[in-house]
Number of protein chains: 2
Amino acid sequence: MLKKDAVTIDDIAREANVSISTVSRVLRGNVKVSDSKREAVLTAVAQLDYQPNVFARGLASGQSMAIGVLTQNFGSPFYDAILQGVVKGLYGTDYFPIFADGQWQPEIEYEAIMAMVQRQIDGLIIIGGFMTSNELSQLSTQIPLIMVARQVPDFEDHCIYIDNATASFKATKYLLELGHKRIAHISGRADHPDAAARQQGYEMALEEAGVDIIQGLIVEGNFRRQSGVLAVETLLSRGISFSAIFAANDQMAYGTRLSLYRRGIRVPEDLSLMGFDDEPAASFMIPPLTTVRQPAVELGQEAAKVILARLRGETVSIPRLEAELVVRESTRIHQ
Amino acid sequence: MLKKDAVTIDDIAREANVSISTVSRVLRGNVKVSDSKREAVLTAVAQLDYQPNVFARGLASGQSMAIGVLTQNFGSPFYDAILQGVVKGLYGTDYFPIFADGQWQPEIEYEAIMAMVQRQIDGLIIIGGFMTSNELSQLSTQIPLIMVARQVPDFEDHCIYIDNATASFKATKYLLELGHKRIAHISGRADHPDAAARQQGYEMALEEAGVDIIQGLIVEGNFRRQSGVLAVETLLSRGISFSAIFAANDQMAYGTRLSLYRRGIRVPEDLSLMGFDDEPAASFMIPPLTTVRQPAVELGQEAAKVILARLRGETVSIPRLEAELVVRESTRIHQ
DNA sequence: TTATATTATGAAAACGTTTTCATAATATCA
DNA sequence: TGATATTATGAAAACGTTTTCATAATATAA
């Protein structure tokens with residue numbers, strides 16, 4: 001809180017020889033004021049370096065001009081990229097983002113959202129997370145709400161996401177086209193819908209190609225790097241041969257890569273490796289990772305756009321974004 | 001903003017048969033209230049699910065209970081880890097962090113800080129950035145302020161940082177101990193004091209060991225991955241031989257690694273590679289990166305602790321944190 | 001020209017708290 | 001027991017805006 005006693009609207013009113021109502025009107029710009037008075041107010045504002053008090057404004061108007069943004073983990077590249085998109089999308093508007101971190105834990109997520117709601121945010125952008133369809137519907141009656149990077153059933157008109165199954169299908173199909181038949185899959189955490197969708201896409205592609213789905217080639221991870229390491233151990237211990245691994249996100253692909261390196265298994269000479277997300281770091285993996293690109297920044301930017309529009313009372317429909325295969329050097333034709 | 005008309009302190013007062021003053025006193029807990037009334041108020045609060053209005057509170061008390069946190073870039077692992085530390089340090093207190101992103105651009109940084117100050121934050125944590133010593137001193141007369149991960153001259157009692165020169169000295173010394181004499185250095189961006197300090201530590205270590213500093217082995221990067229790639233090109237084009245590279249941060253080390261991979265130069269067999277920061281991803285580089293660990297989470301956590309204490313009016317001194325060498329597999333004895 | 005509609009403006013109420021100030025109730029002391 | 005100090009409490013002012021309402025000034029229509 002600034003210590004110097006702030007300039008208030010009263011000071012401006014006195015300086016400009018008008019009432020505080022007029023000052024307010026000039027500042028908000030929603031009601032007509034004569035040019036001469038407007039002029040006077042504006043110069044007074046500039047002269048005294050007036051900064052409106054956010055609390056007084058919020059209290060009187062019932063608007064905070066803040067958008068709450070819930071991420072799951074500061075430091076997760078994919079989520080951070082979405083954050084960046086939101087920042088970008090809000091930049092230059094009167095709205096200000098307030099961030100909170102759900103830390104991939106349902107209770108913390110709930111608390112964080114409530115803390116933001118209590119802080120009177122005007123809109124809420126939730127990135128991923130665990131809120132159920134019911135909870136979200138309930139919440140969205142209270143506050144404009146957009147869900148990013150997650151497809152919640154019965155809530156699709158609030159969700160900006162790419163179709164995980166389709167994207168995953170593309171990735172798997174590419175591996176099949178390279179001649180791989182035994183493709184292992186490291187899935188995301190079981191309680192996460194995205195993980196299920198990605199696994200589904202993988203299985204669909206295999207089916208379509210007439211390749212048997214081998215349960216022993218599917219192993220559950222948790223979207224974190226370390227789980228990729230463990231998954232390789234598990235996979236190898238099962239003794240079923242395979243020529244490619246499709247990890248449900250890039251992070252697990254990095255873990256996988258490390259595990260393979262430790263065992264002297266070369267990528268892509270001995271084994272092809274496919275990720276999912278296309279984080280910025282993916283192109284710096286050794287070798288650069290073939291993956292499916294989720295347009296993260298765009299997702300965030302679109303979320304900001306949509307919520308802004310809805311706040312203005314416009315009815316906009318959710319844009320559909322597509323994932324795109326990014327071929328790099330971690331995959332090659334199966335000999 | 002919640003649509004259902006909120007429960008106010010008046011409702012509680014009515015329900016509990018006390019005045020609103022008493023309700024406020026119970027809620028704030030700073031003034032004694034008889035047990036019976038306290039009881040009554042508390043049950044009413046629970047029953048009606050009362051949520052205090054942040055704006056009214058802020059307006060009346062002059063406190064926002066918010067701490068502004070300025071980062072330089074969502075998505076930068078090192079900064080994100082500090083953010084996490086701040087979140088951790090604030091968790092469970094009455095204070096709530098508000099984040100903004102300076103995007104490594106002085107003007108945006110300034111704007112973002114002003115936006116937060118205008119939002120009446122009670123304290124400010126700035127991570128890195130470009131504010132000058134003067135600007136910071138000026139700002140800190142207005143608001144409690146802690147600078148993290150940057151050492152600003154004449155402002156040290158507000159700065160939580162590790163000694164970059166010493167840390168860098170350690171790293172270089174380790175390479176020297178491995179028998180490397182020709183050690184290239186990829187520095188950070190020239191306008192950044194940390195970059196200068198790290199280069200200084202590198203030079204000090206060489207001097208101490210009686211090894212000549214060769215200007216041709218020093219090349220300027222900008223702390224980003226891509227600049228590591230370019231640095232290797234530059235270095236090789238100069239035709240001066242070297243057996244180790246010390247990059248001023250991990251990100252540039254990744255870029256370096258990729259560039260070497262492309263040229264078929266093996267790490268660590270042909271060349272040792274040293275980073276700086278120890279981001280979480282460093283241990284997943286191929287091969288795992290030897291680096292200097294900045295205790296990022298701890299830095300953030302300490303920043304939160306210190307600012308909280310100062311907000312309570314306590315005079316606490318800044319803790320000193322040490323960087324620590326983390327030896328992994330990207331370095332080896334020079335043959 | 002007069003009656004009526006429109007416009008710009010200021011006064012004052014509202015927003016929901018915290019906190020000062022006054023006072024009734026109670027405790028403490030001689 | 002009476003006088004005084006202490007305590008708990010409520011009334012009311014304050015925080016700095018926005019917005020409703022009333023009104024004076026002006027434009028428009030007959």
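Okay, let's start where the two protein chains meet: 43 residues of chain A are in contact with 43 residues of chain B. One thing to keep in mind throughout is that this is a predicted model.

So who supplies chain A's side of that? Five elements each give at least two residues: α4 (54–61), α5 (77–90), β2 (96–101), α6 (106–118) and α11. Helix α5(A) has the largest share, with six residues. If you sort chain A's side by class, you get 24 nonpolar, 11 polar and eight charged residues.

Now, how do the two copies relate? In general, two copies of a chain are related by a rotation about an axis and a shift along it. Here, a turn of 180° and a shift of 0.1 Å along the axis lay chain A on chain B, with an RMSD of 0.3 Å. Which means we're looking at the relation of a two-fold axis. And both copies use the same surface, since 100% of the contact residues of chain A recur in chain B.

Which residue of chain A comes closest to that rotation axis? It's A:F55, with its C-alpha at 2.3 Å. Hold on to A:F55, as it turns up again in a helix pair, α4 from one chain against α4 from the other.

The axes of α4(A) and α4(B) come within 8 Å and cross at roughly 140°. That angle makes α4(A) oblique to α4(B), and the crossing is left-handed. From α4(A) you have A:F55, A:A56, A:G58 and A:L59, and from α4(B) you have B:F55, B:A56, B:G58 and B:L59. By class, this contact has six nonpolar residues, two polar and no charged.

Let's move to the DNA, strand D to begin with. There are 28 residues around strand D, and the closest are A:I9, A:S24, A:A56, A:A60 and B:S19. Notice A:A56 in that list, because we just met A:A56 in the contact between the two α4 helices. Both chains contribute here: α2 (20–28) and α4 of chain A, along with α2 (20–28) and α4 (54–61) of chain B, each supply at least two residues of the surface near strand D. Helix α2(A) gives the most, six residues. The class split for this surface is 14 nonpolar, nine polar and five charged.

And strand C? Again there are 28 residues around it, and A:S19, B:I9, B:S24, B:A56 and B:A60 come nearest. The elements giving two or more residues are α2 and α4 of chain A together with α2 and α4 of chain B. For strand C the largest share comes from α2(B), with six residues. The surface near strand C has 14 nonpolar, nine polar and five charged residues.

Next, a couple of helix pairs inside a single chain. In chain A, α10 (residues 225–237) packs against α11 (residues 250–262) at an angle of about 45°, and their axes are 6 Å apart. That makes α10(A) oblique to α11(A), and their crossing is right-handed. On the α10(A) side the contact includes A:V229 and A:V232, and on the α11(A) side it includes A:Y254 and A:L258. By class, it has eight nonpolar, seven polar and two charged residues.

In chain B, have a look at α5 (residues 77–90) and α12 (residues 296–311). Their axes are 6 Å apart and the angle is about 40°, so α5(B) and α12(B) are oblique to each other. The crossing is right-handed here. Among the residues that meet are B:F78 and B:L83 in α5(B), and B:V297 and B:L299 in α12(B). This contact divides into 11 nonpolar, five polar and three charged residues.

Last bit: some backbone details. Most residues other than glycine have a negative phi, and most peptide bonds are trans. So where does this model depart from that? In chain A, a cis peptide bond joins A:I286 and A:P287, with omega about -10°. You'll find A:P287 in the loop between β9 (272–274) and β10 (291–293) of chain A. Chain B has a cis peptide bond too, joining B:I286 and B:P287, with omega about -10°, and B:P287 lies in the loop between β9 (272–274) and β10 (291–293) of chain B.

Then there's A:M65, which isn't a glycine but has a positive phi, near 60°. A:M65 is in the loop between α4 and β1 (66–71) of chain A.

Definitions and conventions. Residues numbered from 1 in each chain as written. Chains lettered and ligands numbered in written order. Predicted model: local features only at pLDDT ≥ 70, side-chain atom pairs only at ≥ 80, totals over all residues. Axes fitted to C-alpha atoms, helices over the stretch in contact; angles between N-to-C directions. Helix = DSSP H or I, 4+ residues; strand = E, 2+ residues; numbered from the N terminus. Parallel < 35°, antiparallel > 145°, perpendicular 65-115°, else oblique. Left-handed = near helix turned anticlockwise from the far one by under 90°. Contact = placed C-beta atoms within 7 Å. Nonpolar A, V, L, I, M, F, W, Y, C, P; charged D, E, K, R; others polar. Near = placed C-beta within 6 Å. Least-squares fit on C-alpha atoms with pLDDT ≥ 70 in both.
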